[in-house]
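Colleague: I would like a close look at the cavities of this model. Please take me through them slowly, with a word on what surrounds them.

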Amino acid sequence: MEIRQRSLKYMVEREVLDEQKLEEVSQRKTYSDTHRPIRERIKGSIKCTVPRLKKTVVSFFPILYWLPKYSIWDYGMPDLISGISVGIMHLPQGMAYALLASLPPVIGLYTSLYPALIYIFFGTSRHISIGTFTVLSIMVGSVTERLAPDENFFKTNGTNVTEVDTDARDSYRIQVAAATTVLGGLIQVVLGLVKFGFVGTYLSEPLVRAYTTAAAAHAVVAQLKYMFGVSPTRFSGPLALIYTLMDVCSQLPHTHLPTLVVSVVSMVLLIAMKELNSFLNPKLPVPIPGELITVSSHYKTHCETFVEVTLSSPQVPNVSLFGEVISDAFALAIVGYAISISLGKTFALKHGYKVDSNQELVALGLSNTVGGFFQCYSVCPSMSRSLIQETTGGKTQMAGVASALIVLVTILKLGPLFQDLPKAVLSSIVFVNLKGMFKQHSDVVPLWRSSKIDLVVWIFTWVSTLLLNMDLGLAASIIFALLTVIFRTQMPTYSVLGNIPGTELYLDIETHREAREIPGITIFRSSSTVYFANAELYLEALKEKSGLDISKMIIYKRRQEAKQKRREKRAERRAKRQAKREERRVQRAAKTQSGLMVFSVEEEVSHGGQWDGTCSDKEEQSWTKRENGTVFVIPTTPRTPEGQSRWEYLKGGDQDCTSLGWMSELQDGDTTTLGSSTEDTLSHDLERVSLGSLGKWTWDIHSIIIDLSTANFIDTVAIKTMKNIFKDFREIDVDVYIAGCQAPVVDQLEFGNFFSESVTKKHLFATVHDAVIYCLNHRGATSLPRYEPSAESCASTQF
């Protein structure tokens, strides 16, 4: 059934509102009314009341809000099933990702236990699973390998063979990771307390996805040594990935075959389990724990194994390492928070609750800070575990308690089962879990279609992360992404607006066929705000779009003023030469007899176009009065029987003046109207000749309206630019008005001393239409010009 939409119309009748009238009509509050003094704000912020104290405590400890309302019957069983499923994933992932951090695998189990318990008390998301994550593990690994490389822990055994003291190396690497984690957590806590949660927004989605994609490549290269059983040289810094890959390839002939077989079998088993889960997902209440099955099915080989799994006691981190890891800690804090808040907001939007970005920053920071004392490294949510927690029915963070208990039982009771677990199995788990990140390479095609700039950011982030390593790549990527924003605001789209007939709408005339320019008015708009980086470009674009070269026009005006002064001086000198007029008359009469006539254009017209070769006293007197500022035409060839002569234009009246050119050679716009019969017309013709030499005849614009509706702020440089625009256009008799200013912009104009006696709030209008109506009325027009509507146009608004 077809439903016809009824055309809606509206009609508004009101007076034209400039900023001054608008403030009177709307009763706008003053700045002091909307902004309390600093003393009062400080006093109000430290004022303590019972409701405010309760709100503050609950906001800092979100568990106090949802735990009293927790229903065991409704949420208990779903949270338990979800927690067990996530806990089973924690075991193999925690141990595998610890290898990425170049730490003993047991550290991954610690990292899956303590931070998750801390987040339950302070976190606001109900579905994310805190623990180890690929990207952060790689970033921590780059720090530990840089500060604790193998070559610093060589020792000589009893047979004079040099080998790496793995115990000392791993102990120091644990200290480095713990110090980095504690410092990163403190940074997150401080940023959260000062309400700096928006910092994560500087990491755009294309940047994060490209960064994680490149991090997956780092993870694969880092695990190759465990999968092939080789010992490549460790590299750090720029191009470390390339050097490591080349070294691994050079050692492939020395591959340990049992280790390679274990890796291949483990990968095949993991891939088969994941595909089976995908196929049976709608029918299974919980996914098949493929990773745990793979770990359980291992067998003893000559592969490298790790030490016994035991529970650690808290230790104070090595504070002396803070200075060496502060940049890495900051990078870990920002990346971890960006991943956490993006996942948290995704699940919150899906299930209809709110995530506090600042509290999330505090919760993640406390999880890292406390975890660092228990030898954990930096944590953030994992996409795979969070999806399992959400899809298996998890309702609250009580699921995190269940998963933490699974990890705790494993550490205390099941540790001996993992003592002989080959690292090749854990490497295979890492490799297969990176499948989702490698699929992000397909982002290139949709980004190419939707946004070339986002595609450039994606490619730059991917390349810089691969080549410059994780820390430098992240810094370079953020700087590049911010530069793209700056360049886009520095080079916005400038447009001239036209009216849609029958409406109050003004749209770009280049992109809308029905948009019509208002005669005599140029409406200029920028797609970006005006500030110091684009203020000069804004002025240049205004000149270009309006077609007015202000500099040349001002030069022309000043030249005309100088000419007028010179003419006055010449008039004084001519008064002193009155006695010589008779002699000049005789000379002109002699030239007339020889066939070379000199006459004024006005004389020609007054005689009906006929010239009799004589010059009376009255005509001579008229000649004298009109001599100043008149264009004279002199025939340089005798008149032919057909009445034709060749003419030359002179300025002023002196025969020795510089010629303006032959009439037959003058360009359009440089010729003087021969039919002119008044002094004003002739003076105007002279003016047009001068303008032609400047590249401009004349201008038909009397008003310029600047649409500032897109500006959300304006700085002192932009204010100075606006002042210059008003001043320069006023010199060439063009009025300038501003329309659509937001209230904060008006306040900034006031604070910047923009308004003066010549530029008042009456030059600011509420809308572009208000400004247009005022300009037309000010210049004598009574209404907007009417256009014949096209067949495609349909106007439903009446004025």
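Modeller: What follows is a walk through the enclosed spaces, then a short look at some other parts. Keep in mind that the model is predicted.

Rolling a probe the size of a water molecule over the atoms shows where empty space is left. In this structure there are 4 cavities of 30 Å³ or more. The largest cavity holds about 400 Å³ of space. It is lined by 23 residues, and those closest to its centre are Glu145, His218, Ala222, Phe235 and Thr244.

Which elements give two or more residues to this lining? They are α6 (72–100), α8 (134–147), α10 (205–228), α11 (240–250) and α21 (452–490). Helix α10 gives the largest share, 6 residues. Sorted by class, the lining of the largest cavity has 12 nonpolar, 8 polar and 3 charged residues.

The second largest cavity has a volume of about 60 Å³. Its lining consists of His90, Ala116, Tyr119, Ile128, Ser129, Ile130, Gln389, Gln397, Gly400 and Ser403. Two or more of these residues come from each of α7 (105–122) and α17 (398–413). The class count for the second largest cavity is 4 nonpolar and 6 polar, with no charged residues.

Next come the annotated spans. An unreviewed UniProt entry lists residues 97–122 and 176–198 under "transmembrane region". In the model, residues 97–122 are 85% helix and 0% strand, and the end C-alpha atoms of that span lie 25 Å apart. Residues 176–198 are 78% helix and 0% strand, with 29 Å between the end C-alpha atoms.

One helix can be described at both ends. Where α1 (residues 19–26) starts, a side-chain oxygen of Asp18 comes to within 3.2 Å of the backbone nitrogen of Gln20. Just after α1, Gln27 has a positive phi of about 50°.

Last, the strands. Strands of a sheet pair through backbone hydrogen bonds, either parallel or antiparallel. Here an open sheet of 6 strands runs in the order β6-β5-β7-β11-β12-β13, and its pairing is mixed. Why is one side of β6 and of β13 left without a neighbour in the sheet? Strands β6 (506–508) and β13 (764–765) stand at the edges, and each has a single partner strand, so one side of each has no neighbour there. For β6, pairing with β5 (residues 494–499) is antiparallel and covers 3 bridges. In one of the pairs, Leu497 has Asp508 of β6 as its bridge partner.

Notes:
Residues numbered from 1 in each chain as written. Predicted model: local features only at pLDDT ≥ 70, side-chain atom pairs only at ≥ 80, totals over all residues. Heavy atoms only, no water. Pairing = 2+ DSSP bridges. Helix = DSSP H or I, 4+ residues; strand = E, 2+ residues; numbered from the N terminus. Polar contact = N/O pair within 3.5 Å; in protein donor to acceptor, adjacent residues only side chain to side chain. UniProt positions renumbered as here; feature names shortened; annotations may be inferred. 1 Å grid on protein atoms, 1.4 Å probe; cavity = no way out; pocket = protein on both sides within 12 Å on 5 of 7 lines; lining within 4 Å. Points joined across faces, edges and corners; volume = space filled by probe spheres on them. Nonpolar A, V, L, I, M, F, W, Y, C, P; charged D, E, K, R; others polar.
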